[in-house]
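Consider the following exchange on how terms are assigned to a protein model and its ligand. Each answer sets a value against the criterion behind the term.

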Amino acid sequence: MDTEIFPDYQTLSERAADVILHQVRSKPDAMLCLAAGDTPRLTYARLVQLAATEAVDFSKCRFVALDEWIGIPPENEGSCAFFLHKHLFAPLAISPGQSHLFDALSSDLDRECKKMDRAIQQAGGIDLMLVGVGMNGHIGFNEPGARTDSDAYVVTLDETTRRVGQKYFTQETALQYGITLGLKQFLESRMAVLIASGSKKADVMKRVLEDPISTSTPASIIRKHPRGVVMLDRDAASTLQ
Ligand code: F6R
């Protein structure tokens with residue numbers, strides 16, 4: 001695993017966008033799994049800008065969602081689906097057939113999980129995963145204590161995730177369960193990039209990078225990834241040895 005430290009959020013985001021762009025150029029039909037959330041916002045804005053100025057063709061890429069809040073419809077702006085549509089799929093003109101998203105309203109969530117597992121298998125695996133890290137060390141909705149041998153699954157959200165997750169919603173929203181790709185799928189991806197920005201992520205990133213690898217801090221598992229890269233800005237790296 002490599003660790004890269006950048007002076008600020010802007011340069012971190014530029015580098016993360018370059019990695020995605022490089023992936024798409026080297027394999028136009030790549031399967032990408034890109035997180036929602038605040039951290040990758042600028043990465044995606046930069047990616048959209050580069051895609052236009054450098055005429056990059058995204059028409060053959062496949063996208064797979066990392067996670068979703070159970071019970072939240074895609075029209076709700078706090079949903080991961082809304083975020084991905086707004087920041088990536090619409091500006092990059094990604095067609096519905098190119099993306100695999102969790103239906104968080106499904107009455108058969110087990111089937112939703114299997115649907116995602118199958119989509120990943122049929123694409124020959126995930127080429128690139130870009131993830132953020134939760135304040136409790138989660139990746140996707142793999143909360144502290146998550147199994148490392150799981151494909152997609154339904155999870156009871158940790159108290160921290162329920163509380164911090166309110167920031168994505170315009171009004172107080174009940175968040176109890178999530179649906180997520182599993183840590184097995186994270187470890188099996190051909191490349192995994194974790195991005196973290198700001199001093200609020202400094203303590204968790206110290207645990208991710210310097211404590212023993214443990215699912216009590218699920219993101220620490222990136223240290224076992226053969227092609228894992230952790231990208232931090234200086235603030236997020238401020239408590240590292
Ligand atoms: C979102 C996701 C979450 C976030 C994490 C960090 O799809 O999977 O794990 O990446 O909670 O969120 P932000 O970037 O908002 O701090």
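Q: What makes the space taken by the ligand a pocket rather than a cavity?
A: In this predicted model, the ligand takes up the space of the largest pocket. A pocket is an open set of grid points, whereas a probe in a cavity cannot get out; the ligand's space is therefore classed as open.

Q: Why is the pair formed by His-138 and the ligand called a polar contact?
A: The cut-off is 3.5 Å between N or O atoms. A polar side-chain atom of His-138 lies 2.7 Å from a ligand oxygen, so the pair qualifies. For Lys-201, an N or O atom of the side chain is 2.7 Å from an oxygen of the ligand. Asp-38 takes part through a polar backbone atom, 2.8 Å from a ligand oxygen. The protein covers 93% of the 410 Å² of accessible area that the ligand has on its own.

Q: How do you know which residues count as being around the ligand?
A: A heavy atom within 4 Å is required. The shell has 15 residues, of which Thr-39, Asp-67, His-138, Tyr-168 and Lys-201 come nearest. By class, the shell holds 5 nonpolar, 6 polar and 4 charged residues.

Q: What is the make-up of the lining of the largest cavity?
A: The lining has 8 nonpolar residues, 1 polar and no charged. Among the lining residues are Leu-34, Phe-63, His-100 and Leu-101. His falls outside the nonpolar and charged lists, so His-100 counts as polar. Helix α3 (80-89) gives the largest share of the lining, 3 residues.

Methods: Residues numbered from 1 in each chain as written. Predicted model: local features only at pLDDT ≥ 70, side-chain atom pairs only at ≥ 80, totals over all residues. Heavy atoms only, no water. Polar contact = N/O pair within 3.5 Å; in protein donor to acceptor, adjacent residues only side chain to side chain. Areas by Shrake-Rupley, 256 points an atom, 1.4 Å probe, with all protein chains shown as cover. 1 Å grid on protein atoms, 1.4 Å probe; cavity = no way out; pocket = protein on both sides within 12 Å on 5 of 7 lines; lining within 4 Å. Sits in = over half its atoms within 2 Å of the grid points. Helix = DSSP H or I, 4+ residues; strand = E, 2+ residues; numbered from the N terminus.
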